[in-house]
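Open the model in your viewer and switch to a cartoon view. The stops below say what to select next and what is there.

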Amino acid sequence: VGNSAIGAFTLDVSPSAVSVNKGGSTSAFISIARSGGFTGEVAVTITGFPGGVFATVAPGSISGGFGIITILVDNTIAAGSYTATVQAQGDNVAPQSASLTVMVIPAIRAEMAGAR
């Protein structure tokens, strides 16, 4: 009788928006907070960035409380804002998701900022 799922977790991506120069890299942090007796690993994936914006999660399966997303931006990607979905899934608990936005700065603006 009752729900077979035990516990839950919450997913937080911080910051939820990052800026990066064309050809550069940056990172964001993943925080997993478990509750209600859930102690399992949480698998994290990212989908939705266009070609030229590459994101990796380490570790891909989080057993502790934290992970890191490394974002690499190709020189060929157009400047602009790109949003992807960070998805987290654990066994017998509801999946969670969050958005991550990457704002790609044009090369000329990046050069001007460095000259100041």
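**Stop 1: the β8–β9 pair**

Select β8 together with strand β9, residues 96–105. The two pair in the antiparallel sense over 9 bridges. Keep in mind that this is a predicted model.

Pick Y82 next. Which residue is its bridge partner in β9? The partner is V102.

Now follow the chain through the hairpin of β8 and β9. There are 5 residues between the strands. Stop at N92, which takes a positive phi near 60°.

**Stop 2: across to β4**

Keep β8, residues 80–90, and add strand β4, residues 42–47. This pairing is also in the antiparallel sense, over 6 bridges.

Two cross-strand pairs are worth labelling:

- I46 has V86 in β8 as its bridge partner.
- V44 stands opposite A88 in β8.

Strands of a sheet pair through backbone hydrogen bonds, either parallel or antiparallel. Turn on backbone atoms here to inspect the pairing.

**Stop 3: the whole sheet**

Zoom out and colour by strand. What is the strand order of this open sheet? Its 5 strands run β2-β9-β8-β4-β6, with mixed pairing.

Go to the edges. There you find β2 (17–21) and β6 (61–62). Each has a single partner strand, so one side of each is left without a neighbour in the sheet.

**Stop 4: T101**

Return to strand β9 and select T101, which lies in it. Is T101 buried or exposed? Its relative accessibility is 16%, so T101 counts as buried; the cut-off for buried is under 20%.

Show side chains. The side chain of T101 makes a polar contact with the side chain of T83, at 2.9 Å.

Then display the surroundings. Leaving out residues up to four places away in sequence, T101 touches S16, A17 and V18, as well as S81, Y82 and T83. T83 is thus listed both as a touching residue and as the polar partner. Y82 is back from the first stop, where it was matched with V102.

**Stop 5: D74**

Leave the sheet and select D74. This residue lies in the loop between β7 (66–73) and β8. D74 is partly exposed, with a relative accessible area of 29%.

Which residues does D74 touch, not counting those up to four places away in sequence? They are K22, G23, G52 and F54.

Finish with a distance label from D74 to G52. The two are 22 residues apart along the chain, yet their C-alpha atoms are separated by 4.9 Å.

Methods. Residues are numbered from 1 along each chain as its sequence is written. This is a predicted model: local features need pLDDT of at least 70, side-chain atom pairs count only at pLDDT 80 or more; totals for chains, interfaces and linings use all residues. Side-chain values use heavy atoms; hydrogens and water are left out. Two strands pair if DSSP finds at least two bridges between them. Helices (H or I, at least four residues) and strands (E, at least two) are DSSP runs, numbered from the N terminus. Buried means under 20% relative accessible area, exposed over 50%, partly exposed in between (1.4 Å probe, protein chains only). A polar contact is a pair of N or O atoms within 3.5 Å; within protein, one must be able to donate a hydrogen and the other to accept it, and residues adjacent in sequence count only if both atoms are side-chain atoms. Contact means heavy atoms within 4.5 Å.
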